[in-house]
Amino acid sequence: MHVIVGTDSTRIVLSGEVDADLGTELQEATAEAEQIGLPIEVDAHHVTFMDSSGVAFLARLSIRSQHRVRMIRVPPHVKFLLDVTRIGELLDVVESDDEADFQPVGE
């Protein structure tokens, strides 16, 4: 997992298995993104598995963020979880890939 600060938003890039083993890292990413205060995007493109820990992370982000959280590049299995748990209603799930629009700070 990486937290990348951009000029207009903070992007949290998730990859691999997002489960209880990442609990501390997910909490730290939430705190870091909150502290920065920019709108938050979660890139889930490389997520291979997500359990309730990942769903709880997304819910926590959406509730605590000053801005509506966007999820980009969401694989079908993660989209299914968002729909079943209704967490997707708290987020903006963006179908298109607007990777070119994201500008990391310092680049």
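In the predicted model, the side chain of Ser 62 reaches the backbone oxygen of Ala 59 at a distance of 2.8 Å. Ser 62 has its place in helix α2, and with a relative accessibility of 14% this serine counts as buried, because the limit for that class is under 20% relative accessible area. When its neighbours within four places in sequence are left aside, Ser 62 is in contact with Val 69, Leu 90 and Leu 91.

Leu 91 also appears among the contacts of Leu 82, which, again leaving aside neighbours within four places in sequence, touches Leu 58, Met 71, Val 74, Ile 87, Gly 88, Leu 91 and Val 93. Leu 82 belongs to the largest nonpolar core, a set of 24 residues in which Ile 12, Leu 14, Val 42, Met 50, Leu 58, Met 71 and Leu 82 have the most contacts. At least two residues of this core are supplied by each of the elements β2 (10-18), α1 (23-36), β3 (40-50), α2 (52-64) and α3 (76-85). In soluble globular proteins, nonpolar side chains tend to be buried together.

Strand β2 also holds Val 13, a residue that is buried, with a relative accessible area of 16%. Apart from neighbours within four places in sequence, Val 13 is in contact with Met 1, His 2, Ile 4 and Asp 43. The C-alpha atoms of Val 13 and Glu 41 are separated by 8.4 Å, although these residues stand 28 residues apart along the chain.

Glu 41 is in turn part of a network of salt bridges that links Arg 11, Glu 41 and Arg 70. Side chains of opposite charge can pair when their charged atoms come close. In the first pair considered here, the side chains of Arg 11 and Glu 41 meet with an N to O distance of 2.7 Å. This pair links distant parts of the chain, with Arg 11 in strand β2 and Glu 41 in strand β3, 30 residues apart. Both Arg 11 and Glu 41 are buried, the relative accessibility of Glu 41 being 9%. A further salt bridge joins the side chains of Glu 41 and Arg 70 at 3.5 Å, N to O. Because Glu 41 lies in strand β3 and Arg 70 in strand β4 (residues 70-72), this pair ties together parts that are 29 residues apart in sequence. Arg 70 is partly exposed, with a relative accessible area of 24%, whereas Glu 41 counts as buried.

The count of salt bridges in the model comes to 7, and one of them is formed by Lys 79 with Asp 83, whose closest N and O atoms are 3.1 Å apart. Both residues lie in helix α3, 4 residues apart, which is about one turn of the helix. Lys 79 is partly exposed at a relative accessible area of 28%, and Asp 83 is likewise partly exposed, with a value of 46%.

At the surface, Val 5, Ile 36 and Val 105 make a nonpolar patch of about 210 Å². Val 5 has its place in strand β1 (residues 2-5), and at 30% relative accessibility this valine counts as partly exposed.

Methods
Residues are numbered from 1 along each chain as its sequence is written. This is a predicted model: local features need pLDDT of at least 70, side-chain atom pairs count only at pLDDT 80 or more; totals for chains, interfaces and linings use all residues. Side-chain values use heavy atoms; hydrogens and water are left out. Patches are made of residues with over 30% relative accessible area and no salt bridge: like charges are joined within 9 Å, nonpolar side chains (Val, Leu, Ile, Met, Phe, Trp, Tyr) within 5 Å. Accessible areas come from the Shrake-Rupley method with a 1.4 Å probe; for residues, only the protein chains shown count as cover. A salt bridge is a side-chain nitrogen of Lys or Arg within 4 Å of a carboxyl oxygen of Asp or Glu. Buried means under 20% relative accessible area, exposed over 50%, partly exposed in between (1.4 Å probe, protein chains only). A nonpolar core is a set of buried Ala, Val, Leu, Ile, Met, Phe, Trp, Tyr and Cys residues joined through side-chain atoms within 4.5 Å. Contact means heavy atoms within 4.5 Å. A polar contact is a pair of N or O atoms within 3.5 Å; within protein, one must be able to donate a hydrogen and the other to accept it, and residues adjacent in sequence count only if both atoms are side-chain atoms.
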